[in-house]
Amino acid sequence: LPVRGAQLELFARLLVPANCSAIGLTVLAGKEERTAIAIDATRRLVTLDRSSSGADVDADVRAGPWFAPTGGVTTIHAYVDHSIVTFIADNQTAITAWVHPQDRRSIGVSVFSTNCTGKLLSLDVWQLANG
């Protein structure tokens, strides 16, 4: 995606099949680090994976319940502010975590899926201002 930034607001609409083990967005992505925001329809979870976010401090995967019906459209509303990532799935489950990007060039955004034919239906992005 041609989207980059350390301070962003993102709103994604995703088609999530019932057999999808992960579909979502990576943020603060660089050559060797990234933070993944995902829907896991098979386990009915939303996840924030910071195991590759940079420094090993607090490198873990956070998860919460996913309440949306499988096989339909789901939304991810995310805020990225340098080292804080917050997202809300389907306006029901929210997760916030501190991440530790080490490379200032880690500002990429991408879409990913694992074992899934889901797809990104739309993505709105706003660059946030310092202040």
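**Core.** I looked first at the largest nonpolar core of this predicted model. The core holds 28 residues. Val 16, Ile 39 and Phe 87 touch the most other members. I then listed the elements that give two or more residues to this core: β1 (7–16), β2 (22–29), β3 (35–40), β4 (45–49), β6 (72–81), β7 and β8 (93–98). β1 gives the most, with four residues.

**Phe 87.** I followed Phe 87 through its contacts, leaving out residues up to four places away in sequence. Phe 87 touches Ile 37, Val 46, Thr 47 and Leu 48, among others. The list also includes Ile 76, His 77 and Ala 78. Thr 93, Ala 94 and Ile 95 are on it too.

**Strands β3, β4 and β5.** I checked how β3 and β4 pair. They are antiparallel, over five bridges. Asp 40 stands opposite Leu 45 in β4. The hairpin of β3 and β4 has four residues between the strands. In that hairpin Arg 44 takes a positive phi near 60°. Next I moved to the partner strand β5 (residues 61–65). β4 and β5 run antiparallel and are joined by five bridges. Here Val 46 stands opposite Gly 64 in β5.

**Salt bridges.** I searched the whole structure and found four salt bridges. I looked up three pairs.

Arg 43 and Asp 40 meet through their side chains at 2.7 Å, N to O. Which partner is buried? Asp 40 is, because its relative accessible area is 7%, under the 20% limit. Arg 43 is exposed, with 55%.

Arg 50 and Asp 60 form a salt bridge at 2.6 Å, N to O. Both residues lie in the loop between β4 and β5, so the pair ties together parts that are 10 residues apart in sequence. Arg 50 counts as buried at 3% relative accessibility. Asp 60 is partly exposed, at 27%.

Asp 60 also meets Arg 62, at 3.4 Å, N to O. Arg 62 counts as partly exposed, at 33% relative accessibility. I noted the result: Arg 50, Asp 60 and Arg 62 are linked in a network of salt bridges.

**Loop between β6 and β7.** I went to His 82, which is found in this loop. His 82 has a positive phi of about 60°, although it is not a glycine. Is His 82 buried, exposed or partly exposed? His 82 is partly exposed, with a relative accessible area of 41%.

**Loop between β7 and β8.** I compared two neighbours here. Asp 90 lies in this loop, and so does Asn 91. Asp 90 has a positive phi near 55° and is not a glycine. Asp 90 counts as buried, at 16% relative accessibility. Asn 91 counts as exposed, at 71%. I also looked up how far Asn 91 is from Thr 75. The two are 16 residues apart in sequence and 7.7 Å apart in space, C-alpha to C-alpha.

**Surface patch.** Last, I turned to the surface. Which residues form a nonpolar patch there? Val 57, Ile 84 and Trp 98 do, with about 280 Å² of accessible area together. I placed Ile 84 in strand β7 (residues 84–89). Ile 84 counts as partly exposed, at 35% relative accessibility.

Methods. Residues numbered from 1 in each chain as written. Predicted model: local features only at pLDDT ≥ 70, side-chain atom pairs only at ≥ 80, totals over all residues. Heavy atoms only, no water. Patch = residues over 30% accessible without salt bridge, like charges linked within 9 Å, V, L, I, M, F, W, Y side chains within 5 Å. Areas by Shrake-Rupley, 256 points an atom, 1.4 Å probe, with all protein chains shown as cover. Buried < 20%, exposed > 50% of the residue type's maximum accessible area, 1.4 Å probe, protein only. Core = buried A, V, L, I, M, F, W, Y, C linked by side-chain atoms within 4.5 Å. Contact = heavy atoms within 4.5 Å. Pairing = 2+ DSSP bridges.
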